[in-house]
Amino acid sequence: MNTTNTHQFILTISCPDQIGIVHNVSGALLTLGGNILTSEQFGDEDTQQFFLRIRFSVPTNIKQAQIEAELAAIKDSFNMDLKIVSAEQKSRVLILVSKQGHCLNDLLFRTHSGLLHMDIVGIVSNHRDHEKLAESYGIPFHYLPVSNDNRVEQEAEILKLVDDLEVDLVVLARYMQILSNQLSEALEGKAINIHHSFLPSFKGAKPYHQAHQRGVKIIGATAHYVTADLDEGPIIEQDVQHVDHRLSAERLTQVGSDIESLVLSRAVKSFVEHRILLNGHRTVVFN
């Protein structure tokens with residue numbers, strides 16, 4: 001197929017598992033002159049749900065509205081949660097950060113290097129520590145200090161930025177503030193958080209120092225969707241590393257920071273490439 005006269009889209013589907021889903025969807029794309037480039041699917045025997053991600057190309061004269069119209073009857077027939085996005089369109093991302101900048105710095109570098117298919121449209125922080133870093137990348141920095149007295153107003157400003165900047169994803173890159181239930185619910189399905197995997201142990205300040213005192217042998221990180229249940233949202237990505245008695249608390253912290261950065265970048269990459277589908281309180285993450 002001549003790719004110079006085509007453009008690409010990503011189709012994601014979740015629906016009750018039943019016979020004929022792939023046949024009907026692929027037939028509809030064929031009717032439009034579509035060519036399937038990659039396809040991944042998963043049927044969950046526990047929930048009886050089916051999940052599908054297809055990257056496909058169609059002639060440039062075929063617009064997204066035509067694709068949606070072609071699939072409309074199939075969507076209704078199979079009770080699908082169906083989404084189509086242009087593969088060329090970059091996700092618009094807002095990053096929230098406090099004083100620890102390792103995750104922010106990693107996301108900035110990966111985005112600038114073209115490793116993440118997204119545009120960082122703003123950085124929000126309750127401290128000024130990373131203002132110059134944001135400026136060096138030409139990204140607007142929004143200093144929004146927060147206290148118990150102004151939390152409602154501060155969160156309202158964050159939501160206004162999300163709306164004004166047409167944000168697709170909010171990333172909590174070590175943003176050390178607990179979001180209110182109202183903000184968590186407003187961002188449901190479009191906010192990702194990162195934290196060490198010691199929870200529920202070693203809560204509070206200096207968790208890696210606490211872990212060092214207990215002589216832990218495995219450290220890790222978890223990236224998950226933000227929900228009103230603190231640190232209990234659907235998990236997207238995790239990783240671990242074995243450690244031993246030779247590591248100081250400071251070195252343990254450095255190793256943990258590296259894992260946090262890597263796990264968060266993987267989760268963000270999966271999101272902006274539309275590889276994550278919700279399966280109840282779990283996620284299906286296609287490779």
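Hi everyone. Let's start where the two halves of the talk meet: domain 1 and domain 2 bury about 820 Å² between them, and 56% of that is on carbon and sulfur atoms. Before I go on, please keep in mind that this is a predicted model.

So which residues supply the area on the domain 1 side? T12, F51 and R53 supply 48% of what domain 1 buries against domain 2, more than any other three residues. As for the bounds, the domain assignment gives domain 1 as 6-86 and domain 2 as 91-285. The contact between them takes 14 residues from domain 1 and eight residues from domain 2. If you take the C-alpha centres of the two domains, they lie 31 Å apart.

Let me stay with T12 for a moment. You can find T12 in strand β1. Is T12 buried or exposed? With a relative accessible area of 9%, T12 is buried, because the cut-off for buried is under 20%. Leaving aside neighbours within four places in sequence, T12 is in contact with L52, R53, D81, L82, K83, H274 and L277. Going by the domain bounds, H274 and L277 fall in domain 2, and both are on that contact list.

Strand β1 covers residues 6-16, and S14 is found there too. S14 counts as buried at 11% relative accessibility. Not counting residues up to four places away in sequence, S14 touches F50, F51, N79, M80 and D81. Notice that D81 is on the list for S14 and also on the list for T12.

If you follow the chain out of β1, you come to the loop between β1 and α1, where G20 lies. G20 counts as partly exposed, at 22% relative accessibility. For a sense of distance, the C-alpha atoms of G20 and Q66 are separated by 22 Å, and the two residues are 46 apart along the chain.

Now, on to charges. Side chains of opposite charge can pair when their charged atoms come close. How many salt bridges does a search of the whole structure find? The search finds twelve, and across the interface of domain 1 and domain 2 the rule finds two.

Have a look at E40 and R275, whose side chains meet in a salt bridge at 3.5 Å, N to O. This pair links distant parts of the chain: E40 sits in strand β2 (residues 35-44), R275 is in the loop between α8 (249-272) and β12 (276-279), and they are 235 residues apart. Next, R282 forms a salt bridge with D44, with the closest N and O atoms 2.8 Å apart.

R275 has another partner as well. R275 forms a salt bridge with E273, the closest N and O atoms being 2.7 Å apart. R275 is buried, and so is E273. Salt bridges that share partners join E40, K269, E273 and R275 into one network. For R275 the relative accessible area is 17%.

Compare that with R246 and D244, whose side chains meet in a salt bridge at 2.6 Å, N to O. Here R246 is exposed, with a relative accessible area of 67%, while D244 counts as partly exposed at 23%.

Last stop: helix α5, residues 151-164. This helix has 14 residues and reaches 20 Å from its first C-alpha to its last, close to the 20 Å expected at 1.5 Å a residue. Which residues of α5 are buried? They are Q154, E155, I158, L161 and V162. These cover an arc of only 110 degrees around the axis, which puts them on the same side of α5. As a reminder, an α-helix has 3.6 residues a turn, so residues three or four places apart point the same way.

And on the other side of α5? There V152, K160 and D163 are exposed. What covers the buried residues of α5 includes strands β5 (91-97), β6 (118-125), β7 (141-143) and β8 (169-172), along with helix α6 (181-186). Just after α5, E166 takes a positive phi of about 50 degrees.

That's my tour. If you'd like one place to begin on your own, try T12: a buried residue that is among the three supplying 48% of the area domain 1 buries against domain 2. Thanks for listening!

How values were computed. Residues are numbered from 1 along each chain as its sequence is written. This is a predicted model: local features need pLDDT of at least 70, side-chain atom pairs count only at pLDDT 80 or more; totals for chains, interfaces and linings use all residues. Side-chain values use heavy atoms; hydrogens and water are left out. Helices (H or I, at least four residues) and strands (E, at least two) are DSSP runs, numbered from the N terminus. The expected span of a helix is 1.5 Å times one less than its number of residues. Buried means under 20% relative accessible area, exposed over 50%, partly exposed in between (1.4 Å probe, protein chains only). The arc is that of the directions from the helix axis to the C-beta atoms. Contact means heavy atoms within 4.5 Å. Domain bounds come from an automatic or database domain assignment. Buried area is the accessible area (1.4 Å probe) that two parts lose on being put together, summed over both. A salt bridge is a side-chain nitrogen of Lys or Arg within 4 Å of a carboxyl oxygen of Asp or Glu.
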